[in-house]
Amino acid sequence: MDFEGKVAVVTGAGSGIGKGLARECARAGMKLVLAGYNRDPLQDLSAELVDVETHCVATDVAQFAQVEALANSTLDRFGRVDFLFNNAGVADPGRTQDTSMEDWRWTMSVNLWGPINGVQAFLPMMQQQGFGHINSTASESGLYGTSHLAAYNVSKFGVVGLMQSLERDLRSANSPLRASVFCPSAVKTSILDSMRNRSPQSLTQRRESEESRKFAEAIKPVIDNGMDPNEAARMVLSAIAEGKFWIFSHPHVPQTAMAQAVAMHEDAMLTDL
């Protein structure tokens, strides 16, 4: 696939995988729309990417009106949109029994409704122009649930389901558009610091148990020593160029998912006896 001159929109571009995706898209010769909750990191990244044309748009992906405005701003600036990377995400570790309704709402609004809003706002434009690719960042936690990540697990399972449905709907319609999903394991990002983007009112309704705090402390060094976001981004663009739907950062992710599927099958067989 020739990326040169194409237009890419990256949400969550201010840090982590989003920043890596923006850098790799720039290296591939694409024009960039950098979207994120805070404008300053976007402008800092834009200043770094001196050899490509960039457009910064502060966007809360949880709000459809703002995502729709992002799509319109992209058209106004570049006249088209070729790639959408639904990458913005947050994490608030917590067991199911410790997760408040506000914790559920906040996590789902960004992690799941963000990609839904992106698809709803950008897909019609891509269909009209006859070309486009939508990629969403899920997680290995979207393939098999783990403890202490109730809301995060559910949101990422939803992203995987959304992208599977989109890919099959496009295929059944013989559409020239494509879709893919990225399911990374540990990548060195600031996702555990995402509380900074919650409103003061939302934070007052947050529940944090001692177990959740200990879990966050335990996984922080794993994330801090995770894969470089630029390397993860290179994997994504390479997989897209090869026409892949499933994109994994680490070999153990599909292997573990397969083992879970086998265990589910064997469990079902035992239940039927």
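Trainee: Okay, so I've got this straight: helices here are DSSP runs of at least four residues, numbered from the N terminus. Where is the place of alanine 261?

Mentor: Alanine 261 sits in helix H10, which covers residues 252-272. Keep in mind that this is a predicted model.

Trainee: Noted. Is alanine 261 buried, exposed or partly exposed?

Mentor: Partly exposed, because its relative accessibility is 35%, and the partly exposed class lies between 20% and 50%.

Trainee: And how far apart in space are alanine 261 and lysine 156?

Mentor: Their C-alpha atoms are 17 Å apart, with the two positions 105 residues apart in sequence.

Trainee: Let's zoom out. How many helices and strands does the chain have?

Mentor: Ten helices and seven strands. The radius of gyration is 18 Å, and the globule rule gives 19 Å for 273 residues, so the chain is as compact as a globular protein of that length.

Trainee: What does the C-alpha trace span along its principal axes?

Mentor: About 55 × 45 × 35 Å.

Trainee: What share of the residues counts as buried?

Mentor: 51% of the 273 residues. Another number for the whole chain: among contacts with a separation of 6 or more, 72% join residues 24 or more positions apart.

Trainee: What about the surface? How much of it belongs to carbon and sulfur atoms?

Mentor: 52%, out of an accessible surface of about 12900 Å². As for charges, the chain has 24 positive and 31 negative ones, and the mean positions of the two sets are 2 Å apart.

Trainee: Pick a helix for me. Is H4 mostly covered or mostly open?

Mentor: Mostly covered: H4 runs over residues 101-111, and eight of its eleven residues are buried. Among them are Glu102, Asp103, Trp106 and Met108.

Trainee: Which helices do the buried residues of H4 pack against?

Mentor: Helix H5 (113-129), helix H6 (150-172) and helix H7 (200-204).

Trainee: Let's look at H6, then. Serine 155 lies there. Is serine 155 buried or exposed?

Mentor: Buried, because its relative accessible area is 0% and the cut-off for buried is under 20%. Leaving aside residues up to four places away in sequence, serine 155 touches Thr107, Met108, Asn111 and Leu112. Thr107, Met108 and Asn111 are listed with the buried residues of H4.

Trainee: New topic: the nonpolar core. Which residues have the most contacts inside the largest one?

Mentor: Phe122, Ile134, Met163 and Leu166, in a core of 41 residues. Elements giving two or more residues to this core include strand E1 (7-11), strand E2 (31-36), helix H3 (64-78) and strand E6 (178-183). H5 gives the most, with six residues.

Trainee: What does methionine 163 touch?

Mentor: Not counting residues up to four places away in sequence, methionine 163 touches Ile134, Asn135, Ser136, Ala179, Ser180, Val181 and Phe245. There's also a second, separate core of 29 residues, including Leu42, Cys56, Val187 and Ile240.

Trainee: Now the loops. Where is glutamine 97 found?

Mentor: In the loop between strand E4 (83-86) and H4. Glutamine 97 is exposed, at 54% relative accessible area. Its C-alpha is 9.9 Å from that of arginine 207, although the two are 110 residues apart along the chain.

Trainee: Which loop holds histidine 148?

Mentor: The one between strand E5 (133-137) and H6. Histidine 148 has a positive phi of about 65 degrees, though it is not a glycine. Asparagine 174 also has a positive phi, near 55 degrees, and lies in the loop between H6 and E6.

Trainee: Is asparagine 174 buried or exposed?

Mentor: Exposed, with a relative accessible area of 71%.

Trainee: Last one: which helix has arginine 234?

Mentor: H9, residues 229-241. Arginine 234 is partly exposed, at 40% relative accessible area, and it touches Glu24 and Arg27, not counting residues up to four places away in sequence. Arginine 234 and valine 90 are 22 Å apart, C-alpha to C-alpha, and 144 residues apart in sequence.

Methods: Residues numbered from 1 in each chain as written. Predicted model: local features only at pLDDT ≥ 70, side-chain atom pairs only at ≥ 80, totals over all residues. Heavy atoms only, no water. Rg over C-alpha atoms; globule rule 2.2 N^0.38 Å. Buried < 20%, exposed > 50% of the residue type's maximum accessible area, 1.4 Å probe, protein only. Contact = heavy atoms within 4.5 Å. Areas by Shrake-Rupley, 256 points an atom, 1.4 Å probe, with all protein chains shown as cover. Lys, Arg positive; Asp, Glu negative; His and termini not counted. Charge placed at Lys NZ, Arg CZ, Asp CG, Glu CD. Core = buried A, V, L, I, M, F, W, Y, C linked by side-chain atoms within 4.5 Å.
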